[in-house]
Amino acid sequence: MPTVTTLDVAAGLRTRWAAVSALVAVVPVARVFVGRTGEKISGTITQPPYARLNITEGEPELFSGPAYVQDFDIAVEVYLTDETTPNTLRSNLDAAFNGGWETPTAGITVSNATVLHSMARGGGNVKPTNERINGKDVLRVTANYRLKLEGNRG
Amino acid sequence: MALFSASGGSVTVNGTPDVTIHVSEWSIQKGARQGDGSTSAQGYSVFVPCLEDNTASFSLPEDNANTLEDAGIVKGAMGLDLYFRHGASAVYTRLQNTTVSSIGENNNNQGDLYRVQVQLQGGVVTEYSAAPS
């Protein structure tokens with residue numbers, strides 16, 4: 001089995017995003033990007049709302065067999081101009097990505113891996129960016145999670 | 001130089017069947033109990049190894065497959081025959097007739113795995129033993 005990559009994780013997160021209707025209602029999954037935001041969607045310049053997934057691989061923990069464990073740090077950034085939305089959005093991000101005590105995986109599945117758990121980390125916030133569109137601030141909502149995966153190094 | 005990588009260094013319990021336990025790490029302290037052979041004429045202490053006295057330990061995140069219980073690694077188990085593999089090489093250190101002195105379990109909710117530590121005491125060491133059949 002191949003080892004787990006950030007793109008495997010990104011695909012799993014986008015699938016989870018698509019399954020949470022409250023998130024899709026604010027940011028359709030086609031507007032959830034990995035890394036740099038797409039400049040255009042369907043020929044028009046991308047404007048908020050959109051989201052960006054920044055995924056960082058942690059150091060793998062190895063055992064004597066093929067199994068290994070690796071953390072992936074997830075930073076979700078959502079850009080939007082609707083000032084009434086951030087609080088609800090923030091809760092919906094947790095509903096999608098923060099595992100509960102009885103459901104630690106948060107319903108996330110990742111190719112080439114078994115999800116052990118997904119947990120919220122600190123450091124999230126809601127801040128206006130330097131950009132304004134049609135007289136409105138562009139807000140950035142950030143939330144951070146840590147995904148612990150079991151992979152197979154063959 | 002011909003160093004061993006530790007990667008692949010497992011612990012196998014010799015039995016029917018053999019059970020290989022995939023561990024985070026293992027360690028063995030090979031020693032001997034010392035008798036005091038000092039004499040006043042020498043003017044310094046001399047210790048004489050009387051009998052082999054070994055200890056070992058290993059730790060792992062317990063797996064659903066090949067559990068410690070499957071391998072007979074339970075508290076107080078005696079007469080165990082273990083092979084400690086040197087990385088992925090064909091070289092093993094064998095520890096026979098050892099006893100489980102303690103098993104520690106640790107469940108840390110702060111983003112970690114469920115982990116187990118096993119301590120072994122006693123038994124006889126055979127160096128560079130062949131793999132269990």
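## Exercises: core and helix packing

**Exercise 1.** In this predicted model, which residues does Val9(A) touch, not counting residues up to four places away in sequence?

*Solution.* Val9(A) touches Val4(A), Ile55(A) and Phe72(A). It also touches Ile74(A), Val110(A), Leu147(A) and Leu149(A).

Next, place Val9(A) in its core. The largest nonpolar core has 34 residues. Those touching the most other members are Val9(A), Trp17(A), Val78(A), Leu93(A), Phe97(A), Val110(A) and Leu149(A).

Then list the elements of chain A that give two or more residues to this core. The helices are helix 1 (6–19), helix 2 (21–26) and helix 3 (86–97). The strands are strand 4 (50–57), strand 6 (67–80) and strand 8 (136–152).

Another core, of 22 residues, lies apart from this one. Its members include Ile21(B), Leu60(B), Leu95(B) and Val100(B).

**Exercise 2.** How do helix 1 of chain A and helix 3 of chain A pack?

*Solution.* Start with the geometry. The angle is about 120°, and the axes are 9 Å apart. Helix 1 of chain A is therefore oblique to helix 3 of chain A. Their crossing is right-handed.

Now take the residues. Helix 1 of chain A brings Leu13(A), Arg16(A) and Trp17(A). Helix 3 of chain A meets them with Leu93(A), Ala95(A), Ala96(A) and Phe97(A). By class, this contact has six nonpolar, no polar and one charged residues.

**Exercise 3.** How many helices and strands are there in chain B?

*Solution.* Chain B has zero helices and 10 strands. Its C-alpha trace spans about 60 × 35 × 35 Å along the principal axes. Of its 133 residues, 36% are buried.

Conventions
Residues are numbered from 1 along each chain as its sequence is written. Chains are lettered from A and ligands numbered from 1 in the order in which they are written. This is a predicted model: local features need pLDDT of at least 70, side-chain atom pairs count only at pLDDT 80 or more; totals for chains, interfaces and linings use all residues. Side-chain values use heavy atoms; hydrogens and water are left out. A nonpolar core is a set of buried Ala, Val, Leu, Ile, Met, Phe, Trp, Tyr and Cys residues joined through side-chain atoms within 4.5 Å. Buried means under 20% relative accessible area, exposed over 50%, partly exposed in between (1.4 Å probe, protein chains only). Helices (H or I, at least four residues) and strands (E, at least two) are DSSP runs, numbered from the N terminus. Contact means heavy atoms within 4.5 Å. Axes are lines fitted to C-alpha atoms, for helices over the stretch in contact, and angles run from 0 to 180 degrees between N-to-C directions. Angles under 35 degrees count as roughly parallel, over 145 as roughly antiparallel, 65 to 115 as roughly perpendicular and the rest as oblique. A crossing is left-handed if the near helix is turned anticlockwise from the far one by less than a right angle, and right-handed if clockwise. Ala, Val, Leu, Ile, Met, Phe, Trp, Tyr, Cys and Pro count as nonpolar, Asp, Glu, Lys and Arg as charged, and the others, Gly among them, as polar.
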